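Here are a few exercises to work through with the model open beside you. Try each task before reading its solution.

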Amino acid sequence: MTHFLDLVRPAAGTALMSEWLTGTAERSRTAADAVMDQWAAAETPSGRLAQHVFLSTDGAGLLFYAQWTSDEDHLAWARAHRARAVSHIDTLVPGIERPGLARTRLTRSVVHDAERPAGVFVVSTMAVDDVKAAVVPASGLLAAHVHLTSDGERAMVVAEWTDVASHAAATADGDSYKRYTLYHA
């Protein structure tokens with residue numbers, strides 16, 4: 001499986017994370033496939049460096065991770081094209097919930113094991129002061145990639161784990177996270 005750092009584009013001025021809640025694995029795959037078809041058919045915007053789709057392990061949704069040269073480049077594209085692109089997806093998969101877009105910047109990565117493949121990516125949102133605990137070595141934690149939101153008040157950590165069981169063993173009850181597998185890069 002791909003490591004997260006294989007997906008990172010050094011020229012990215014912003015990394016966007018957007019969760020789509022679809023309700024089922026079938027609806028998630030249908031939405032993801034439709035988005036991928038749109039990307040393949042359309043001209044790549046000059047400011048978009050990469051876009052990746054992750055499927056939640058519980059089947060309830062997707063996570064989009066996009067890297068753009070800047071927020072301004074993304075906003076220009078969004079004003080001109082987003083409504084049409086999303087309406088096409090909503091026709092195929094009605095009722096998708098989109099809790100919001102997080103504008104972030106990858107600030108650091110802590111790699112504990114670059115050799116073993118990542119079996120699951122875990123995304124957690126936390127206060128900046130809580131990041132230190134999220135990157136501490138644990139059995140099965142391969143790496144943690146810290147993104148700060150544009151307001152600097154929250155951190156989103158994308159952690160690579162060997163598998164769901166390792167993550168579950170290291171996770172306290174009540175922790176807020178979502179587990180994903182890479183679907184398309």
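## Exercise 1: A serine in a strand

Ser124 is found in strand E5. Keep in mind that this is a predicted model.

**Task.** Decide whether Ser124 is buried or exposed, and list what Ser124 touches beyond residues up to four places away in sequence.

**Solution.**
- Step 1: take the relative accessibility of Ser124, which is 14%.
- Step 2: compare that value with the cut-off for buried, which is under 20%. Ser124 therefore counts as buried.
- Step 3: look up the contacts. Leaving out residues up to four places away in sequence, Ser124 touches Ala155, Met156, Val157, Ser176 and Tyr177.

## Exercise 2: The bent helix

**Task.** Find the residue on which the kink in helix H2 is centred, then work out what the buried residues of H2 pack against.

**Solution.**
- Step 1: follow H2 through residues 71-92; the kink is centred on His81 and amounts to about 60 degrees.
- Step 2: pick out the buried residues of H2, namely His74, Ala78, Ala85, Val86 and Ile89.
- Step 3: trace their neighbours. These buried residues pack against strands E1 (14-21), E3 (61-68) and E4 (97-111), and against helix H1 (25-41).

## Exercise 3: The largest pocket

**Task.** Describe the largest pocket by its volume, and say which element gives the most to its lining.

**Solution.**
- Step 1: the volume of the largest pocket is about 680 Å³.
- Step 2: 30 residues line this pocket, and the closest to its centre are Trp39, Gln51, Trp77, Arg82 and Ala85.
- Step 3: two or more lining residues come from each of E1, H1, strand E2 (48-56), E3, H2 and E4. H2 gives the most, with 10 residues.
- Step 4: sorted by class, the lining of the largest pocket has 17 nonpolar, eight polar and five charged residues.

## Exercise 4: The cavity

**Task.** How many cavities of 30 Å³ or more does the structure hold, and which residues line the largest cavity?

**Solution.**
- Step 1: there is one cavity of 30 Å³ or more, and the largest cavity has a volume of about 30 Å³.
- Step 2: its lining consists of Phe4, Phe54, Leu63, Tyr65, Phe121, Val123, Val158 and Tyr180.
- Step 3: E3 and E5 (120-127) each supply at least two of these lining residues.
- Step 4: by class, the lining of the largest cavity has eight nonpolar residues, with no polar and no charged ones.

## Exercise 5: Confidence

**Task.** Which element has the lowest mean pLDDT, and which the highest?

**Solution.**
- Step 1: start with the whole chain, which averages a pLDDT of 92, with 98% of the residues scoring at least 70.
- Step 2: go element by element. Helix H3 (residues 131-134) has the lowest mean, 88, and E1 the highest, 97.

Definitions and conventions:
Residues numbered from 1 in each chain as written. Predicted model: local features only at pLDDT ≥ 70, side-chain atom pairs only at ≥ 80, totals over all residues. Heavy atoms only, no water. Bend = angle between axes of the 7 residues up to and from the residue. Helix = DSSP H or I, 4+ residues; strand = E, 2+ residues; numbered from the N terminus. Buried < 20%, exposed > 50% of the residue type's maximum accessible area, 1.4 Å probe, protein only. Contact = heavy atoms within 4.5 Å. pLDDT = per-residue confidence, 0-100. 1 Å grid on protein atoms, 1.4 Å probe; cavity = no way out; pocket = protein on both sides within 12 Å on 5 of 7 lines; lining within 4 Å. Points joined across faces, edges and corners; volume = space filled by probe spheres on them. Nonpolar A, V, L, I, M, F, W, Y, C, P; charged D, E, K, R; others polar.
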